[in-house]
Amino acid sequence: MTTSASTATAPTADARILGLAHYAARGLLEHVLALHGITFQQQVTLRAAVTADAPRTPDDLLTQVRDTLKADPADIRATLDELLAKQLLVADGAHLRPTDTGRELLAAVGAQTAPITARVWGGIPDEDLAAAGRVLALVTERANTELATLTA
């Protein structure tokens, strides 16, 4: 008989379990992104531009992506250049804004990942998702605090 993580013997959440879940889900997303010729960091950066209330400066996008991914600023600048070269972002004066192609690409990725996401998250009780959300938000807050202390 095969057991799953949803059984009574499921492991207690810790950094390893969090990492395994993150990389499993990220692997699914990266598979879809590769079909579109973009990387995870490009997708995160493009999404930041698409979801912004107004066009962002390159420095604004760099800061947001660095805060999200904890990535090297030089790598993020290279990602911005890649998105400009792919014409997924365009310079508009001092700002960058997503192109229609960039918006369409994110919509296509969303449409492809939606059924996968539904299968992964489907059937998890709302109270479990709420508890996991609270724990993950607290872990994120604490880890960001620790990182700020280490890099100060």
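**A walk through the helices, the core and the pocket**

Let's start inside: T45 is buried, with a relative accessible area of 0%. That value comes from a predicted model, as does everything else described here. T45 sits in helix 2, which covers residues 40-51. Which residues does T45 touch once its neighbours within four places in sequence are set aside? They are L61, V65, T79, L80 and L83.

One of those partners is worth a visit. T79 belongs to helix 4, and with a relative accessible area of 4% T79 counts as buried because the cut-off for that label is anything under 20%. Skip the neighbours within four places in sequence, and T79 is in contact with Q41, Q42 and T45. So here is a pair of threonines, T45 and T79, in contact with each other.

Now step back and look at the whole chain. The secondary structure comes to six helices and two strands. Reading from the N terminus, the order is α-α-α-α-β-β-α-α. The C-alpha trace spans about 60 × 40 × 25 Å along its principal axes. How much of the chain is buried? Of its 152 residues, 20% make the cut. The accessible surface comes to about 10,100 Å², and carbon and sulfur atoms account for 58% of that surface. As for how the chain folds back on itself, take the contacts between residues at least 6 apart in sequence: 57% of these join residues at least 24 apart.

Next, the core. In soluble globular proteins, nonpolar side chains tend to be buried together. In this model, the largest nonpolar core has 18 residues, and those touching the most other members are L33, L46, L61, L88, L89, L105 and V109. Helix 1, helix 2, helix 4 (73-85) and helix 5 are the elements that give two or more residues to this core. Which element gives the largest share? That would be helix 2, with five residues.

L46 makes a good guide to this region. Leaving out its neighbours within four places in sequence, L46 is in contact with L83, L88, L89, P98, G102, L105 and L106. L88, L89 and L105 appear in that contact list, and they are also among the core residues that touch the most other members.

From packed side chains we can move to empty space. Rolling a probe the size of a water molecule over the atoms shows where empty space is left. The largest pocket in this model has a volume of about 2,200 Å³. Its lining counts 50 residues, and the closest to the pocket centre are L18, A21, H22, W121 and L136. Several helices take part: helix 1 (15-35), helix 2, helix 3 (58-69), helix 5 (100-121) and helix 6 (126-151) each supply at least two lining residues. The largest share, twelve residues, comes from helix 1. What sort of residues make up the lining? By class there are 32 nonpolar, twelve polar and six charged.

Helix 6 gives us a couple of residues to look at one by one. L138 lies in this helix, and L138 counts as partly exposed because its relative accessibility is 38%, between the 20% and 50% limits. From L138 to L150 is twelve residues in sequence and 18 Å in space, C-alpha to C-alpha. E141 is found in helix 6 as well. Is E141 buried or exposed? At 53% relative accessible area, E141 is exposed, because the label applies over 50%. The C-alpha atoms of E141 and E127 are separated by 21 Å, with their positions 14 residues apart along the chain.

Finally, check two loop residues for their backbone. K70 has a positive phi of about 60 degrees although it is not a glycine. You'll find K70 in the loop between helix 3 and helix 4, where K70 is partly exposed at a relative accessible area of 41%. Q87 also has a positive phi of about 60 degrees, and Q87 is not a glycine either. Its place is the loop between helix 4 and strand 1 (89-92). Q87 is exposed, with a relative accessible area of 58%.

Methods. Residues numbered from 1 in each chain as written. Predicted model: local features only at pLDDT ≥ 70, side-chain atom pairs only at ≥ 80, totals over all residues. Heavy atoms only, no water. Helix = DSSP H or I, 4+ residues; strand = E, 2+ residues; numbered from the N terminus. Buried < 20%, exposed > 50% of the residue type's maximum accessible area, 1.4 Å probe, protein only. Contact = heavy atoms within 4.5 Å. 1 Å grid on protein atoms, 1.4 Å probe; cavity = no way out; pocket = protein on both sides within 12 Å on 5 of 7 lines; lining within 4 Å. Points joined across faces, edges and corners; volume = space filled by probe spheres on them. Nonpolar A, V, L, I, M, F, W, Y, C, P; charged D, E, K, R; others polar. Core = buried A, V, L, I, M, F, W, Y, C linked by side-chain atoms within 4.5 Å. Areas by Shrake-Rupley, 256 points an atom, 1.4 Å probe, with all protein chains shown as cover.
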